[in-house]
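I opened this notebook to keep track of what I looked up, beginning with the contact between the chains and moving on to domains and cores.

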Amino acid sequence: MGYVAIKGGENAISEATALLEFLRVNNQADPPLSINSIQHQLHALHSRVLSEGGIYHPELAGLAIKQSAGDTLEAAFYLRAYRSTCPRIGITPVQKTEQMRLIRRISAAFKEIPGGQMLGPTSDYLQRLFKFDLLKESPERFREIAKTWLENIPDEQLPDSFPKVLDSLRAEGLLPSVESKPSQPFDITREPLVFPVPRSAALATMSRAETGSLLAIAYSNMRGYGNIHPTVAELRVGYLPVMLPHPISGELMEAGNVLMTECEIVAMYRASEEDTKPTFGLGYGACFGHNEVKAISMAILDRALQKGEQQGVENPSEDSEFVLLHIDGIESMGFASHYKMPHYVTFHSDLDRLRTTQQQGEKS
Amino acid sequence: MNPTLQETVPEKVLPQVNSEELDSSKDITTKQFGFLDSFAKKEIRRTLFKAVSIPGYQVPYSSREMPIARGFGTGGLQITLSLLGKDDVLKVIDQGSDESVNAVNIRNFISKTCPGVSLTKHTPEATIIQTRHRIPEFPLKLGQILVLQVPYPDPLVIVENSEAKRKQMHGEGDYARLWVKLYEDMVKFSEITISHRYPTRINGHYVIDPSPIPRFDVPKLHQVPGLHLFGAGREKKIYAVPPFTDAQPLTFEDVPFRVEDFTDSNGNRRPCNRCGSTDSYLDEFLDEEGSRVYQCSDSDYCNSMLMTAQ
């Protein structure tokens with residue numbers, strides 16, 4: 001009798017891998033997906049993976065989507081694993097989002113904001129009705145849409161940067177003043193979270209969190225498990241120039257730029273400590289890519305976590321351990337998947353306890 | 001962003017991707033010995049020193065993402081990769097077996113990223129053994145390192161949710177609520193119901209979760225010449241049971257610690273159906289006819305016993 005308790009092993013793994021790869025190429029009628037198509041035609045998916053992967057590499061994010069057949073958790077995982085092999089070669093100074101080259105910018109707090117509102121590419125006001133002609137879209141029609149749109153854009157030069165809405169609120173004394181010396185940000189890729197953690201660690205963790213997980217916990221807050229009454233002071237999407245010191249002169253220079261979504265919310269005021277005026281609370285959210293729901297969820301949770309820290313935890317969304325340890329997609333999906341692995345030994349141990357306990361019950 | 005919009009944005013604001021640098025010859029897994037960069041390895045080795053110096057204390061570390069999923073042994077894998085040198089002999093097991101899919105997968109990954117490392121399936125030959133859920137039946141020798149994969153590093157998690165509070169409880173040696181849990185088990189069931197991951201006190205102070213090994217394996221941690229390293233990748237903790245260190249499962253004076261019971265209805269210890277061994281941990285399963293069969297969980301031990309018998 002052979003060793004039968006556990007088998008499978010090498011052959012099973014390689015055959016399973018080959019079968020999975022076959023599923024990807026099973027439709028021979030279509031050309032293979034190009035990374036370029038993924039980046040552009042699936043830009044929402046691409047943005048999500050870019051943000052959850054935690055490394056700004058648009059081309060590899062496209063490859064990750066292709067390799068994982070569009071599974072967002074898997075695709076982000078490819079980027080993270082790749083990121084592990086990249087040494088940290090330097091730390092950028094704090095980047096100023098005022099400098100963002102905007103494609104979209106809105107405020108829900110004021111009708112008029114300095115620089116103006118700019119709706120930009122948004123799905124917010126779409127009527128979700130099918131365009132059945134897209135079922136069979138010809139390359140000619142595809143190009144036609146682009147051509148028509150480009151012909152019709154007004155010749156207008158946008159300013160390079162826009163002021164932040166929060167600055168005007170701050171000037172009026174409606175917001176808490178900014179700490180004059182920002183502390184060195186916490187690097188979650190090089191240090192473990194040991195609670196309590198600084199706000200920068202919480203922000204970094206949320207910035208690469210899984211969108212759905214973040215949304216679910218933020219939604220619990222919105223519905224009433226600790227509602228912070230948020231108002232979106234400003235939401236902006238655009239390309240942020242990344243400034244790095246020149247290796248020789250030390251002067252700041254633009255090394256490239258990253259597509260980002262940033263959301264700042266103001267929350268209902270509360271009585272503050274003695275001798276200071278009450279002010280609105282602030283929540284901040286920012287992530288790679290164009291991911292508005294994620295940025296808003298993050299900003300709400302940032303506010304909720306600060307509230308929990310200052311006034312004590314009353315709801316799950318205010319508990320930094322609860323929030324920060326359960327929103328990482330790579331960790332949660334990994335652990336959920338691991339239950340598929342053999343647990344013969346531990347299950348036998350469970351059986352032993354149950355059988356013994358049942359016998360004890362019969363005896364007494 | 002809108003696909004057509006890209007064409008209208010000035011060239012300089014678009015993300016620049018240098019496609020030349022991305023080709024398969026740059027495949028990192030074949031370039032870097034041990035996959036992790038040297039900074040990551042250094043951090044893990046320092047963490048290991050601390051873990052060995054404070055037996056049973058859970059040392060936090062940053063824990064890089066690995067190309068295998070969290071929950072599949074990334075904590076153990078990071079320790080193994082940080083320790084392996086070309087002169088090492090490695091064994092990888094899962095559920096006691098070298099042939100289990102996850103063991104095969106981890107072994108393949110390590111042999112791909114650590115060229116020159118020898119592989120073995122025979123416990124006494126290995127210098128480093130990575131394992132999930134079992135401690136091999138052959139006792140560890142001096143110089144051998146057992147790396148255990150850990151899903152839950154903290155034994156207090158069954159009585160306290162908050163990590164910050166648990167950390168304080170460990171520091172104060174406050175395991176009262178764990179004792180109460182054991183006591184309540186006795187009151188309700190006349191048995192301690194903890195099957196695996198049995199809380200074990202190390203060197204008279206810290207209580208550890210010895211990873212999901214069966215109770216059968218817990219005594220193998222006590223005062224043995226080998227070094228045990230525990231890696232929890234997802235939970236970002238490393239801890240150790242050094243050689244010749246006390247490892248005592250939590251029990252009451254009048255309730256002896258009991259390992260899994262392998263006696264049959266006649267009161268005899270069941271033998272392994274294959275090698276006949278009566279001192280190993282047994283897997284229970286149903287054969288083709290549907291009757292219950294017992295066989296060694298440690299495949300190398302089973303093979304060795306079979307060879308000796310012949």
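I first looked up the contact between the chains, which takes 62 residues from chain A and 67 residues from chain B, where two residues are in contact if their C-beta atoms, placed from the backbone, lie within 7 Å. On the side of chain A that touches chain B, helix α13 (residues 344-363) gives the most, with 11 residues; helices here are DSSP runs of H or I with at least four residues, numbered from the N terminus.

I noted that this is a predicted model, in which local features need pLDDT of at least 70 and side-chain atom pairs count only at pLDDT 80 or more, while totals for chains, interfaces and linings use all residues. Residues are numbered from 1 along each chain as its sequence is written, and chains are lettered from A and ligands numbered from 1 in the order in which they are written.

Next I turned to chain B, whose domain assignment, automatic or from a database, gives domain 1 (36-247) and domain 2 (261-310). Their centres, taken over C-alpha atoms, are separated by 26 Å, and 14 residues of domain 1 of chain B are in contact with seven residues of domain 2 of chain B.

Last I looked up the largest nonpolar core, a set of buried Ala, Val, Leu, Ile, Met, Phe, Trp, Tyr and Cys residues joined through C-beta atoms within 7 Å, buried meaning that 20 or more other C-beta atoms lie within 10 Å of a residue's own. Of its 119 residues, A:L214, A:L301 and B:A240 touch the most other members, and helix α10 (residues 292-311) of chain A gives the most to this core, with eight residues.

Notes
Helix = DSSP H or I, 4+ residues; strand = E, 2+ residues; numbered from the N terminus. Buried ≥ 20, exposed ≤ 12 C-beta atoms within 10 Å, placed from the backbone.
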